[in-house]
Amino acid sequence: MKFLFRKTARPLGTVAVGIDAAAVTPNPCPDGFVNFSMDASTPVCLKFAMYGKGTWENQRAFCKTLGADLVILEGNLHDQVVEYINDHEYMTDEGFWIGGSDAAQEGHFVWVDGTDMPMGTPHWYITQPNGGTAQNYVGLYTPDFYFHDLNNDKKIYSICQI
Ligand SMILES: [Ca+2]
């Protein structure tokens, strides 16, 4: 009897930690980043950077100071982000730079990782892109939060991804 007890008993502290871990799912993202992943093993950590407005280049540099880059907003993540913006009233009148550009080759939009951006629906607004060489950077823009090419010197907020 004594032997069985010693085999199964654990220090009280270990038990308490186990209960806490089961009750609270830890945020896998750094402070200030929101996890948009439905899959706990592969977090998608985004930060809505609303400290100051800046050009795409400015805001990309800011994201990099966080060890991040502008967001690659593919597939369902676009829908999730628009839903998040619509759920936060202070965001709904703002535009946000994302990690797309045709600065290197006019009309050929690429993500910050060098891969091609998908064009047309469901991500781009119906008339976009339409700005030629005056608009080489992509933002989620009001009121629809589809993709828009925006003026190279435009100053808005941004979404960083780590
Ligand atoms: Ca352009």
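The legends below describe close-up views of one predicted protein model.

**Figure 1. The whole chain and the confidence of its prediction.** Residues are numbered from 1 along each chain as its sequence is written. Because this is a predicted model, local features are given where pLDDT is at least 70 and side-chain atom pairs count only at pLDDT 80 or more, while totals for chains, interfaces and linings use all residues. The pLDDT is the predictor's confidence in each residue, on a scale from 0 to 100; the protein averages 88, and 85% of the residues score at least 70. Over residues 1-22 the pLDDT is below 50, and beyond near neighbours in sequence this stretch has one contact in the model, a contact being two residues whose C-beta atoms, placed from the backbone, lie within 7 Å. Where pLDDT is low, the predicted coordinates should not be read in detail. The protein has four helices and eight strands, which are DSSP runs numbered from the N terminus (H or I over at least four residues for a helix, E over at least two for a strand). Along the sequence they follow the pattern α-α-β-β-α-β-α-β-β-β-β-β. Of the 162 residues, 27% count as buried, where buried means that 20 or more other C-beta atoms, placed from the backbone, lie within 10 Å of the residue's own, exposed means 12 or fewer, and partly exposed lies in between.

**Figure 2. Strand β8 and the strands that pair with it.** Strand β8 covers residues 156-161, and five of its six residues are buried. Two strands are said to pair if DSSP finds at least two bridges between them. Five bridges join β8 to strand β2 (residues 45-54), and these two strands run antiparallel, with F48 standing opposite I159 in β8. Strand β3 (residues 69-70) also pairs with β8 in the antiparallel sense, over two bridges, and here D69 stands opposite Q161. Strand β4 (residues 96-101), by contrast, pairs with β8 in the parallel sense, over two bridges, and F96 stands opposite Y157.

**Figure 3. The two sides of helix α3.** Helix α3 spans residues 56-65, and its buried residues are W56, Q59, R60 and C63. These residues lie on the same side of α3 because they cover an arc of only 105° around the axis, the arc being that of the directions from the helix axis to the C-beta atoms. An α-helix has 3.6 residues a turn, so residues three or four places apart point the same way. The buried residues of α3 pack against β2, β3, β4, β6 (137-140) and β8, whereas the face turned away from them carries the exposed residues A61 and T65. After α3 comes G67, whose phi is positive, near 75°.

**Figure 4. The largest nonpolar core.** A nonpolar core is a set of buried Ala, Val, Leu, Ile, Met, Phe, Trp, Tyr and Cys residues joined through C-beta atoms within 7 Å. The largest one has 28 residues, and those with the most contacts inside it are L70, V71, W97, I98, I159 and C160. The elements that give two or more residues to this core are β2, α3, β4, β6, β7 (147-150) and β8. Not counting residues up to four places away in sequence, I159 touches L46, F48, A49, L70, V71, V81, F96 and I98. In soluble globular proteins, nonpolar side chains tend to be buried together.

**Figure 5. The hairpin of β6 and β7.** Strands β6 and β7 pair in the antiparallel sense over four bridges, and L140 stands opposite F147 in β7. In β7, F147 and D149 point one way and H148 and L150 the other way, and all are buried. In a regular strand the side chains alternate between the two faces of the sheet. Six residues lie between the strands of this hairpin. In the loop between β6 and β7 is F145, which has a positive phi of about 60° although it is not a glycine. F145 counts as buried because 22 other C-beta atoms lie within 10 Å.

**Figure 6. Two cis peptide bonds in the loop between β5 and β6****.** One cis peptide bond joins T121 and P122, with omega about 5°, and P122 has its place in the loop between β5 (110-111) and β6. Another cis peptide bond joins Q128 and P129, with omega about -5°, and P129 is in the loop between β5 and β6 as well.
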